[in-house]
Amino acid sequence: MAQDQIKALTGMNDVLPGQSQVWRYLEGQVKAVLDGFGYQEIRMPIVEQTNLFKRSIGEVTDIVEKEMYTFNDRSDRSLTLRPEGTASCVRACDEHQLIANNKRQRLWYMGPMFRYERPQKGRYRQFHQIGVETFGMASADIDAELIIMTHQLWQRLNIREKVTLELNTLGSSEARANFKAALVDYLSERKDQLDEDSQRRLSTNPLRILDSKNAQTQALLNDAPNFQDYIDEESAEHFSHLRALLDAVGVEYVINPRLVRGLDYYGKTVFEWVTNELGAQGTVCAGGRYDGLVEQMGGKATPAVGFAMGIERLILMLEAMDAVPEHVLSYVDVYLVSELEVADKAMVLAAKLREQMPNLRLQMHMGGGKMKKQMKQANESSARFAFILGENEIANGQVSIKDLRDNAEQISLSQDEAANWLTEQLTA
Ligand code: ATP
Ligand code: MG
């Protein structure tokens, strides 16, 4: 009896050929922008000690409370598949003295993150982030640089018109504590009017109530204490410096006083790029300042600010907006077909072309067969040109070429001229 087919885990997706090209396009654009600002890549392990995340993200956050993939390894150590990258990045920087003596760092990483969430469009259990973290810089200019960098990326990707920057300041930890106390006082008196999640958060993580999706809770918040009244002077100055820099460069934003981040470690600047294109999962990029985290994790106090963007959500956006350039889906320039009798000559020609044109994307037909069938494969390959070799061509030292896009007449060229001709065509 046939066994049940084994499928991928819920919320963990294969990136198939075709999709992977869009991923590579997006990753390439992001890397180009990061390179343009002088950021360096760091690669961290995907599995870490569970305590790393408990200590950094905070015990009472959604992630640590209910979303982590935690297991014991064969030596009975508690390990966790990373739910985000900041904790690992801070650990690595501290462990390798990258941020010792106030050394500055501008870093980025890319890779899978794991959270046990309810899978839906734009929300998965294995998803991918591109994260950026900076260390050693306390002033608002670096906050501005990060935002300007993402802004430039949206322009490059042609999605600028469909994303909005939301900005807020969370103040100092003291300001947050004062505000938290006032908020808890206010909401405790009205506890029965809160949604269930918010009731729970009242004792665990009251600031998160501010971004509750529940309409009644939001209405209740209209008359709640106002964060702005609690912000300390230094944070207020930091915030207006940031705003002035963004204004100067022409990056538009909306102030959202209810914007708080899911993780405990943020203070001062927080921001999100949001879109209406994706339904409920509308945040494509989120970040902020976390000056307290390095010390909280056992290192020396180090100012830090960073962000992470969700690759799947950006890809959904590119697709929804038809913003994937056509050339991205092509993966072959030349498809080489040949009669079986001259297959060895075809191999030789392919080798020569690859040597002459190191960036050429050439795919060879395998196994011979009728020319008509081979040409059908050529047409399906996304190649711009079919190169055709038969006994005639070999006898004359030529190659026949068919442009698969405009369906023009076939031409013949000397094999020696083929590389020059191709280079001209492909760069035209
Ligand atoms: P959300 O409010 O959507 O749950 P979050 O605050 O948990 O997001 P962060 O931890 O700040 O998200 O992660 C940064 C970005 O990573 C998000 O803005 C989003 O684009 C993406 N992201 C987060 N969780 C997921 C997920 N489960 N699936 C896909 N993308 C995700
Ligand atoms: Mg979340």
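**Figure 1. The largest cavity of the predicted model holds about 50 Å³ of space.** Nine names make up the view: Val30, Val33, Leu34, Val132, Met149, Thr150, Leu153, Phe307 and Met309 line this cavity. Helix H1 (19–36), helix H5 (140–157) and strand S11 (304–310) are the elements that each give two or more residues to the lining. By residue class, the lining of the largest cavity splits into 8 nonpolar and 1 polar, with no charged residue. A search of the whole structure returns 2 cavities of 30 Å³ or more.

**Figure 2. The second largest cavity encloses about 30 Å³.** Its lining consists of Val60, Thr61, Asp62, Glu65, Arg200, Arg201, Thr204, Asn205 and Arg208. Two or more of these residues come from each of helix H3 (62–67) and helix H7 (196–204). H7 is the leading contributor to the lining of the second largest cavity, with 3 residues. The classes here are 1 nonpolar, 3 polar and 5 charged. For the largest cavity, the corresponding division is 8 nonpolar, 1 polar and no charged.

**Figure 3. Three strands build an open antiparallel sheet in the order S2-S4-S3.** Strand S2 (47–49) and strand S3 (69–72) are the edges, each pairing on one side only. From one strand to the next, the twist averages 35°.

**Figure 4. S2 meets strand S4 (residues 78–81) in an antiparallel pairing.** The two strands are joined by 3 bridges. Across the pair, Val47 stands opposite Leu81 in S4. Helix H2 (residues 50–57) packs on the sheet. H2 touches S2, S3 and S4. The direction of H2 makes about 75° with that of S2.

**Figure 5. The second largest pocket has a volume of about 410 Å³.** The lining counts 15 residues. Nearest the centre of this pocket lie His327, Val328, Ser330, Tyr331 and Arg361. H1 and helix H15 (418–427) each supply at least two residues of the lining. H1 gives the most, with 3 residues. H1 also gives two or more residues to the lining of the largest cavity. The pocket lining divides into 6 nonpolar, 4 polar and 5 charged residues.

**Figure 6. Two domains share the lining of the second largest pocket.** The domain assignment of the protein gives domain 1 (19–171 + 231–320) and domain 2 (330–427). Each of these domains contributes at least three residues to the pocket lining. Taken over C-alpha atoms, the centres of domain 1 and domain 2 are separated by 46 Å.

Notes: Residues are numbered from 1 along each chain as its sequence is written. Chains are lettered from A and ligands numbered from 1 in the order in which they are written. This is a predicted model: local features need pLDDT of at least 70, side-chain atom pairs count only at pLDDT 80 or more; totals for chains, interfaces and linings use all residues. Side-chain values use heavy atoms; hydrogens and water are left out. On a 1 Å grid over the protein atoms alone, a cavity is a set of points where a 1.4 Å probe fits but cannot get out, and a pocket is an open set with protein on both sides within 12 Å along at least five of seven lines; lining residues have an atom within 4 Å of a point. Grid points are joined across faces, edges and corners, and a volume is the space filled by probe spheres set on the points. Helices (H or I, at least four residues) and strands (E, at least two) are DSSP runs, numbered from the N terminus. Ala, Val, Leu, Ile, Met, Phe, Trp, Tyr, Cys and Pro count as nonpolar, Asp, Glu, Lys and Arg as charged, and the others, Gly among them, as polar. Two strands pair if DSSP finds at least two bridges between them. Axes are lines fitted to C-alpha atoms, for helices over the stretch in contact, and angles run from 0 to 180 degrees between N-to-C directions. Contact means heavy atoms within 4.5 Å. Domain bounds come from an automatic or database domain assignment.
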